[in-house]
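Reader: Please take a close look at one part of this structure, the nonpolar interior, and follow it outward to what lies around it. I am in my first year, so plain steps would help.

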Amino acid sequence: TGRNRFLRLGATFMAAASAMGFGYVYDVAGLRSRFLPGTMAHPHISSLAVLPLENLSGDADQEYFADGMTEELVTALGKIRGLRVISRTSVMRYKGTQKPVPQIARELGVDALIEGTVTRSGGRMRLTTNLINAATDQHLWAEAYDRDLGDVLSLQRELAEAVAKQVRAAFPADDWSALAKSGTINPEAHELYLKGQYHYYRWSLPEFAKAITYYEKAIGVDPNYAEAYLGLAKTYGWQWMQGALQPEEAYPKFSTALKRALAINKDLPEAHYVLAVSAWYFYWNWPQAETEFKRALELNPNLEEARFEYAWFLSTMGRHAEAIVEAKRAVELDPLAVTANLALGSIYNSAGQQDAAIPQLVKTIELDPTDPRAYEFMASAYRRLGLHDEEVRTAQQMMTRRGAKP
């Protein structure tokens with residue numbers, strides 16, 4: 001596409017500049033202001049999406065690295081307060097897309113997009129990033145980074161700082177302090193962790209088993225890798241919920257891994273989210289659940305999983321108005337995610353707002369017609385409205401998707 005040609009041209013330019021001793025970083029906005037007088041100033045940006053990084057290594061087996069770096073950039077940028085960053089689930093739908101920038105922006109409801117490329121060779125990587133005005137497809141700023149694989153954390157810190165400056169967003173002092181602590185990472189452990197993440201997000205029991213193998217290998221290389229322990233905890237939790245592991249086997253593994261992750265890094269947002277979910281579902285400890293949900297969202301306001309689970313939690317507590325607010329925020333963060341949209345529709349239904357619930361659940365079904373949960377909640381909404389025929393028809397659709405024969 002034209003955008004990718006731009007990125008490749010930029011990468012070529014930077015390689016030449018590096019060879020000639022000009023350094024690794026260039027600023028497209030600066031070049032444009034030099035050659036195109038009168039260029040407009042940056043527009044106001046309060047929301048953005050990181051499109052899946054393009055793998056330029058020429059090796060299809062490196063897709064896990066490009067996907068993993070995309071996720072980690074989303075997480076790093078999500079810590080910028082006052083900036084809405086679209087979550088991984090929605091942005092990954094655009095992997096390999098040919099859609100133009102303005103269309104993607106409209107679908108995601110954002111002011112700007114970041115797209116880029118990643119090349120991994122030996123012990124080094126090159127990352128190019130490009131900030132684009134969503135409405136005009138205007139390139140606002142670009143940078144390229146050449147790093148050792150062990151410097152991934154410092155790279156993420158630099159990129160988050162650069163983006164914050166470009167969008168005029170402010171990092172709270174605590175966030176800068178946390179980012180400043182980012183040091184080096186064991187490249188082998190990081191690669192194993194990214195492979196674990198790649199299989200985890202394929203959402204099947206065989207893939208969960210592969211993910212666990214890679215997380216355990218990462219921990220074997222680096223016993224203090226908090227994110228790998230967190231990956232283990234989440235995967236054991238899903239195996240437990242799907243019946244692949246019995247509670248007496250899953251719980252000790254889940255609990256041990258989660259406690260270890262928090263002991264290594266008490267400020268991991270997703271670890272607090274997982275702790276909140278376990279306090280809610282498994283222990284029925286409502287005060288702890290709410291405390292941990294709030295802590296997760298304080299550490300990363302853009303953590304959409306914590307946002308929609310917190311919304312469901314508030315709904316079950318009968319706090320429907322608060323639940324709707326949180327569920328709407330979750331959909332804003334992950335507009336193409338089935339579960340976030342499902343949460344909003346189901347919460348409308350629980351709040352007695354069936355007129356809002358039904359169209360929201362229709363939207364959810366459009367995102368994934370095979371998911372039976374939306375049909376279940378929609379049948380409930382029709383029942384509450386006294387629409388018997390619609391309820392029966394929707395319940396039949398739900399049963400079909402659960403495997404019942406006509």
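Author: A nonpolar core is a set of buried Ala, Val, Leu, Ile, Met, Phe, Trp, Tyr and Cys residues joined through side-chain atoms within 4.5 Å. Buried here means under 20% relative accessible area. Note also that the model you are looking at is predicted.

With that term in hand, start with the setting. The chain has 406 residues, of which 52% are buried. Its secondary structure consists of 19 helices and six strands. If you take the contacts between residues at least 6 apart in sequence, 61% of them join residues at least 24 apart.

Now the interior. In soluble globular proteins, nonpolar side chains tend to be buried together. In this model the largest nonpolar core has 104 residues, and L48, L77, M125 and L258 are the ones with the most contacts inside it. There is also a second, separate core of 17 residues, with L51, I86, M92 and I132 among its members.

M125 is a good place to look more closely. Once residues up to four places away in sequence are set aside, M125 touches F65, M69, V118, T119, R120, Y145, D146, R147, L149, V152 and L155. The list mixes nonpolar residues such as F65 and L149 with charged ones such as R120 and D146.

F65 is the next step. This residue lies in helix 3. F65 counts as buried because its relative accessible area is 3%, and the cut-off is 20%. Apart from neighbours within four places in sequence, F65 is in contact with V118, R120, M125, L149 and L194. The chain also brings F65 and T119 together in space: they are 54 residues apart along the chain, and their C-alpha atoms are separated by 9.2 Å.

One contact of F65, namely L194, leads to a cavity. The structure holds two cavities of 30 Å³ or more. The second largest has a volume of about 30 Å³, and its lining is made up of Y64, D67, G68, E71, R88, L194, Q197, Y198 and Y201. Sorted by class, that lining has four nonpolar, two polar and three charged residues. Helix 3, residues 63-77, and helix 8, residues 187-200, each supply at least two of the lining residues. Helix 3 gives the largest share, with four residues.

Follow L194 into helix 8. This helix has 14 residues and reaches 20 Å from its first C-alpha to its last, close to the 20 Å expected at 1.5 Å a residue. Its buried residues are A189, H190, L192, Y193, L194, G196, Q197, H199 and Y200. They pack against helix 3, helix 6 (152-166), helix 9 (205-221) and helix 10. L194 and Q197 thus appear twice, in the cavity lining and among the buried residues of helix 8.

Helix 10 is the last of those partners, and it can be checked in a similar way. It has 16 residues, 226-241, so at 1.5 Å a residue it should span 22 Å; its end C-alpha atoms are 23 Å apart, which agrees. Of these 16 residues, 13 are buried, and the helix is therefore mostly covered. After helix 10 comes G243, with a positive phi near 80°.

A positive phi also turns up at residues other than glycine. D137 has one of about 65°, and sits in the loop between strand 5 (124-133) and strand 6 (138-148). With a relative accessible area of 30%, D137 is partly exposed. W284 has a phi near 55° and lies in the loop between helix 12 (269-281) and helix 13 (286-299). W284 counts as exposed because its relative accessible area is 61%, and the cut-off is over 50%.

For a comparison with these loop residues, take two that sit in helices. A311, in helix 14 (residues 304-316), is buried with a relative accessible area of 0%. Beyond four places in sequence, A311 is in contact with A323, E326, A327 and I347. E391, in helix 19 (residues 388-401), has 18% relative accessibility and so counts as buried. Its contacts, again leaving aside neighbours within four places in sequence, are A379, Y382 and R383.

Conventions:
Residues numbered from 1 in each chain as written. Predicted model: local features only at pLDDT ≥ 70, side-chain atom pairs only at ≥ 80, totals over all residues. Heavy atoms only, no water. Expected span 1.5 Å × (residues − 1). Buried < 20%, exposed > 50% of the residue type's maximum accessible area, 1.4 Å probe, protein only. 1 Å grid on protein atoms, 1.4 Å probe; cavity = no way out; pocket = protein on both sides within 12 Å on 5 of 7 lines; lining within 4 Å. Points joined across faces, edges and corners; volume = space filled by probe spheres on them. Contact = heavy atoms within 4.5 Å.
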